[in-house]
Amino acid sequence: MAEGRLEVLLISAKGLENSDFLNNIDPYVLLTCRTQEQKSSVASGQGTEPEWNETFVFTISGEATKLTLKIMDKDTFSSDDFLGEAKIDLQPLEEGTLPPTTYNVVKDGEYHGEIRVSLTFTPEQRYDQGFRQEESYGGWKESSFE
């Protein structure tokens, strides 16, 4: 994949596993692209069908091939629960936008709901660092010293 900017619109999820016995789950998403990780807000009390409508921006280098969305349940008195994850292949997204698309959330090889995101990739503009003689202005030859 080319270098550039990946914009991820995290829209919503549905059919998530309810890991809390007495209350609704409070899901959030950890978005990871290579070494970059970002975290969504916690959808408090929204249960198994949360909505975020949040945008995240990643800087993409040539080695980035996938985006991982790890869905977690925020817990107050214990460690957060892992609800599942979705992996999105970035190779088909060379330039432009993927409209809101639904991806399966998987945990232990089994279906555990869906997550909906939209992706926009903008390639980095590369400019020739060399310059031609007629484009150089100033410098010691053009300066005057009296």
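In which strand is the place of Lys-66? In this predicted model, Lys-66 turns up in strand S5. With a relative accessible area of 39%, Lys-66 counts as partly exposed. Setting aside residues up to four places away in sequence, Lys-66 touches Thr-32, Cys-33, Lys-87, Ile-88 and Leu-90. There is also a long hop in sequence to report here: Met-1 is 65 residues from Lys-66 along the chain, yet the two C-alpha atoms are 9.9 Å apart in space.

Thr-68 also has its place in strand S5. Is Thr-68 buried or exposed? Its relative accessibility comes out at 14%, so Thr-68 counts as buried, the cut-off being under 20%. Once the neighbours within four places in sequence are left aside, the contacts of Thr-68 are Leu-30, Leu-31, Thr-32, Glu-85, Ala-86 and Lys-87. Thr-32 is thus on the contact list of Thr-68 and on that of Lys-66, and Lys-87 likewise appears for Thr-68 and for Lys-66.

Turning to strand pairing, S2 and S5 run antiparallel to each other and are joined over six bridges. Within that pairing, Lys-70 of S5 stands opposite Leu-30. S2 has a second partner to describe, strand S3 (residues 36–39), with four bridges between them, again in the antiparallel sense. Here Cys-33 has Gln-36 of S3 as its bridge partner. S2 and S3 make a hairpin with two residues between them, and Arg-34 in the turn takes a positive phi of about 55 degrees. As for cover, S2 is mostly tucked away, with six of its seven residues buried.

What about the nonpolar core? In soluble globular proteins, nonpolar side chains tend to be buried together. The largest nonpolar core in the model holds 30 residues, and those with the most contacts inside it are Leu-6, Phe-58, Leu-67, Leu-69 and Ile-115. Two or more residues come from each of S1, S2, strand S4 (51–60), strand S5 (66–73), strand S6 (81–89), S7 and strand S8 (110–123). Ile-115 gives a flavour of the packing: with residues up to four places away in sequence not counted, Ile-115 touches Leu-10, Ser-12, Ala-13, Val-29, Trp-52, Leu-69, Ile-71, Ala-86, Thr-101, Thr-102, Tyr-103 and Val-105. Leu-69, itself among the residues with the most contacts inside the core, is one of those partners.

Next come the charged side chains. Side chains of opposite charge can pair when their charged atoms come close. How many salt bridges does the count come to? The tally is four salt bridges, and three of the pairs can be described as follows. Arg-5 pairs with Glu-7, the closest N and O atoms being 3.5 Å apart. Both ends of this pair are partly exposed, Arg-5 with a relative accessible area of 39% and Glu-7 at 28% relative accessibility. Another salt bridge links Lys-107 and Glu-17, with 3.4 Å between the closest N and O atoms. Lys-107 sits in strand S7 (residues 96–107) while Glu-17 belongs to the loop between strand S1 (4–14) and strand S2 (27–33), so this bridge ties together parts that are 90 residues apart in sequence. Glu-17 is partly exposed, at a relative accessible area of 30%. Lys-87 and Glu-85 also meet through their side chains in a salt bridge, 3.9 Å from N to O. Lys-87 is partly exposed at 49% relative accessibility, and Glu-85 is partly exposed too, with a relative accessible area of 24%. Both of these residues are in contact with the buried Thr-68.

Aromatic rings add a short note. A search of the whole structure for aromatic pairs comes back with zero. A charge over a ring does turn up, though: Lys-39 lies over the face of Tyr-28, at 4.6 Å from the ring centre.

Finally, Lys-14 lies in strand S1 and counts as partly exposed, at 46% relative accessibility. Leaving aside neighbours within four places in sequence, Lys-14 is in contact with Thr-48, Glu-49, Gly-113 and Glu-114. Gly-47 is 33 residues from Lys-14 in sequence, with their C-alpha atoms 9.0 Å apart in space.

How values were computed
Residues are numbered from 1 along each chain as its sequence is written. This is a predicted model: local features need pLDDT of at least 70, side-chain atom pairs count only at pLDDT 80 or more; totals for chains, interfaces and linings use all residues. Side-chain values use heavy atoms; hydrogens and water are left out. Rings of Phe, Tyr and Trp (its six-membered ring) pair if their centres lie within 6.5 Å; planes under 30 degrees apart count as stacked, over 60 as edge-to-face and the rest as tilted. A charge sits over a ring if NZ of Lys or CZ of Arg is within 6 Å of the ring centre and within 35 degrees of the ring normal. Buried means under 20% relative accessible area, exposed over 50%, partly exposed in between (1.4 Å probe, protein chains only). A nonpolar core is a set of buried Ala, Val, Leu, Ile, Met, Phe, Trp, Tyr and Cys residues joined through side-chain atoms within 4.5 Å. Contact means heavy atoms within 4.5 Å. Two strands pair if DSSP finds at least two bridges between them.
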